[in-house]
Amino acid sequence: MKKTILFLLGFLAWCTAFSQYTYYYGDKGPQTLLEDRRTVVVHFNEPERFGFETVVKAPGLAKYFVAGEYSDRIILVFEKDQIQNPEEVAAYVGFVGKNIRSTSWGYRLESGFELRLTHRVMYQASATQAELYDFLENWEIENWGHTPTGFTYLEMNDIHKVISLSNALVESGLVHWAHPDFMAKADALADPFYPEQAYLNNTGQTVTGFTGTTNIDINAPEAWAITTGSSSVIVAVVDQGVEPHEDLQDAFSVSRVLTGYTTSNPNSSTPGQPLGALNEAHGQGCSGIIAASHNNIGTRGIAPEVKILPVHVILEATTPTSQFADGINWARRNGAWIINNSWAFPDCSFTAPNITAALDSATQFGRSGLGCLVNFATGHDGQSCVTYPGNLLNTLAVSAVSTKGLQTDYANYGVGVDVVVPSSPNSSLNNVRIIDRMGNLGYNRSDNQVQDQNYTNLNYSR
């Protein structure tokens with residue numbers, strides 16, 4: 001019996017060791033964080049080079065994520081929980097030496113949504129700087145700074161103290177909010193001929209084998225009889241970047257794509273444009289739906305006179321929440337009337353107070369004090385809830401129905417939805433016509449064609 005009790009105690013201790021949890025403070029209070037031992041995050045002192053081929057191969061390693069060809073971090077995801085500590089696991093796949101800044105486990109919410117640590121704590125102070133200095137005296141802060149658009153952060157060399165510090169700041173009452181600058185993957189949620197754009201004008205036409213129902217559309221021709229928009233209106237597209245396109249020009253062949261902003265590299269020589277190494281085209285497609293010219297070239301946009309302000313964000317697992325917040329902040333400061341976000345974090349409980357703060361500023365102070373209109377996709381997991389940030393009261397949550405007006409299998413639904421628009425009837429049928437990146441760069445390219453006989457022009461896709 002004694003041996004049995006000792007065995008059970010030992011087994012319980014082992015289970016506890018491999019199912020540790022903590023919490024962070026979101027918009028609605030503490031959120032439980034469960035340790036994810038399938039995931040190891042490695043931060044480097046100096047960026048490492050990662051090519052297009054798989055550079056890390058090891059038994060049990062399922063996939064990895066990096067922030068571009070040169071990256072100061074990598075996320076390793078294994079097929080099952082790891083028994084060794086993160087440093088040993090990183091060494092097992094070849095990451096050792098002086099350039100290793102830190103190794104840490106991943107985390108996930110109780111819903112399963114995955115989060116990974118950076119070395120930063122984001123916060124908004126409510127106390128004086130002197131009071132904060134006194135509180136932080138024993139916390140071994142490595143750096144104290146601001147993001148490019150003004151959000152404040154603390155940086156710690158010891159990544160294992162980041163959660164404790166952010167929680168301690170909230171519990172001290174010295175800040176309005178504080179939380180780790182998590183890396184979290186946002187999902188991209190998504191015309192070359194007008195007759196196929198049934199969501200604009202549904203005549204019961206058949207598009208990609210799917211026949212719609214007349215008038216299940218957004219009444220675009222009726223709206224165009226009143227206005228096609230104004231060149232004074234600026235629509236920020238926070239997405240994978242937008243570059244000049246033949247279908248985004250005015251009547252004098254002048255591009256309506258403004259100089260934008262790249263959140264991962266504010267000094268980029270092509271600010272706001274897609275990163276070639278990542279083959280990004282989602283923002284380009286969204287911009288065409290919004291603003292493609294009525295010029296007899298390709299697709300038709302909803303508001304073909306407006307200007308597009310591109311804000312590039314890498315929609316991958318290696319992107320910190322601060323970059324999304326910076327992008328929204330920059331758009332608000334640079335004249336955006338509308339901020340379009342065709343992405344969402346695929347979880348209905350996750351929140352990031354720094355992004356919420358940026359959205360509060362946009363909707364209150366943007367557009368010269370009138371406030372920006374900010375829309376978000378509701379999510380495309382088919383859940384009965386609206387995902388963050390579309391579930392905030394000051395954003396417009398946009399879901400989808402088919403061109404028959406029926407519920408789709410991918411668009412999130414529920415009481416938090418503000419508006420629905422016609423789109424593809426199901427997740428396996430692409431029947432929304434979009435502009436693509438010019439030439440052989442986007443979704444529709446010679447090595448990966450999604451085109452049928454109507455899409456030999458690589459500047460358009462579906």
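**Exercise 1. Helix α4 and the residue after it**

Which residues of helix α4 (residues 162-172) are buried?

*Solution.* The model is a predicted one, and the listing is to be read with that in mind. Within helix α4, which spans residues 162-172, the buried residues are Val162, Ile163, Leu165, Ser166, Asn167, Ala168 and Leu169. Moving on along the chain, the helix is followed by Gly173, and the phi of this glycine is positive, near 80°.

**Exercise 2. Backbone angles and a cis peptide bond**

Determine where Asn296 and Arg367 lie, describe their phi values and their exposure, and then locate the cis peptide bond that leads to Pro389.

*Solution.* As a starting point, most residues other than glycine have a negative phi, and most peptide bonds are trans.

Step one concerns Asn296, which is placed in the loop between α6 (282-291) and β16 (307-312). Its phi is near 65°, a positive value in a residue other than glycine. The relative accessible area of Asn296 is 82%, and because exposed means over 50%, this residue counts as exposed.

Step two concerns Arg367, found in the loop between α8 and β19, where its phi is near 55° and thus positive in a residue other than glycine. With a relative accessible area of 30%, Arg367 is partly exposed.

Step three turns to the peptide bond from Tyr388 to Pro389, which is cis, with omega near 5°. Pro389 sits in the loop between β19 (373-377) and β20 (396-401).

**Exercise 3. An aromatic pair and its cluster**

What is the geometry of the aromatic pair formed by Phe324 and Phe345, and why does this pair tie together parts that are 21 residues apart in sequence?

*Solution.* A search of the whole structure finds 14 aromatic pairs. In the pair formed by Phe324 and Phe345, the ring centres are 5.2 Å apart and the planes stand at 70° to each other, which makes the arrangement edge-to-face. Phe324 lies in helix α7, whereas Phe345 lies in the loop between β18 (343-344) and α8 (353-365), so the pair links parts that are 21 residues apart in sequence. Both phenylalanines are buried. The last step is to place them in a wider group, for Phe324 and Phe345 belong to one aromatic cluster together with Phe113, Trp343, Phe350, Phe376 and Tyr388. Tyr388 is also the residue from which the cis peptide bond to Pro389 runs.

**Exercise 4. Two residues and their surroundings**

Is Thr262 buried or exposed, and which residues does Thr262 touch, not counting residues up to four places away in sequence?

*Solution.* Thr262 belongs to strand β15, residues 261-262. Its relative accessible area is 2%, and because buried means under 20%, Thr262 counts as buried. When residues up to four places away in sequence are left aside, Thr262 touches Ser268, Thr270, Pro271, Gly272, Gln273 and His312. With one of these residues there is a polar contact, in which the side chain of Thr262 reaches the backbone nitrogen of Gly272 at 2.9 Å.

Now carry out the analysis for Asn457.

*Solution.* Asn457 lies in the loop between β22 (434-435) and β23 (460-461), and its 33% relative accessibility makes it partly exposed. Not counting residues up to four places away in sequence, Asn457 touches Glu246 and Asn444. Its side chain reaches the backbone nitrogen of Asn459 at 3.0 Å. The C-alpha atom of Asn457 is 9.3 Å from that of Met438, a residue 19 positions apart from it along the chain.

**Exercise 5. A pocket and a cavity**

What is the volume of the second largest pocket, and which element gives the largest share of its lining?

*Solution.* The volume of the second largest pocket is about 720 Å³. Its lining consists of 36 residues, of which Asp72, Arg73, Ser264, Pro320 and Gln323 are the closest to the centre. Two or more lining residues come from each of β2 (29-49), β4 (70-78), β9 (152-156) and α7 (321-333), and the largest share, four residues, comes from β4. By residue class, the lining divides into 12 nonpolar, 16 polar and eight charged residues.

Describe the largest cavity in a similar manner.

*Solution.* The largest cavity has a volume of about 40 Å³. Glu196, Gln197, Ala198, Tyr199, Val207, Thr403, Ser423, Asn431 and Val432 form its lining, which divides into four nonpolar residues, four polar residues and one charged residue.

Note on methods:
Residues are numbered from 1 along each chain as its sequence is written. Side-chain values use heavy atoms; hydrogens and water are left out. On a 1 Å grid over the protein atoms alone, a cavity is a set of points where a 1.4 Å probe fits but cannot get out, and a pocket is an open set with protein on both sides within 12 Å along at least five of seven lines; lining residues have an atom within 4 Å of a point. Grid points are joined across faces, edges and corners, and a volume is the space filled by probe spheres set on the points. Ala, Val, Leu, Ile, Met, Phe, Trp, Tyr, Cys and Pro count as nonpolar, Asp, Glu, Lys and Arg as charged, and the others, Gly among them, as polar. Buried means under 20% relative accessible area, exposed over 50%, partly exposed in between (1.4 Å probe, protein chains only). Contact means heavy atoms within 4.5 Å. A polar contact is a pair of N or O atoms within 3.5 Å; within protein, one must be able to donate a hydrogen and the other to accept it, and residues adjacent in sequence count only if both atoms are side-chain atoms. Rings of Phe, Tyr and Trp (its six-membered ring) pair if their centres lie within 6.5 Å; planes under 30 degrees apart count as stacked, over 60 as edge-to-face and the rest as tilted.
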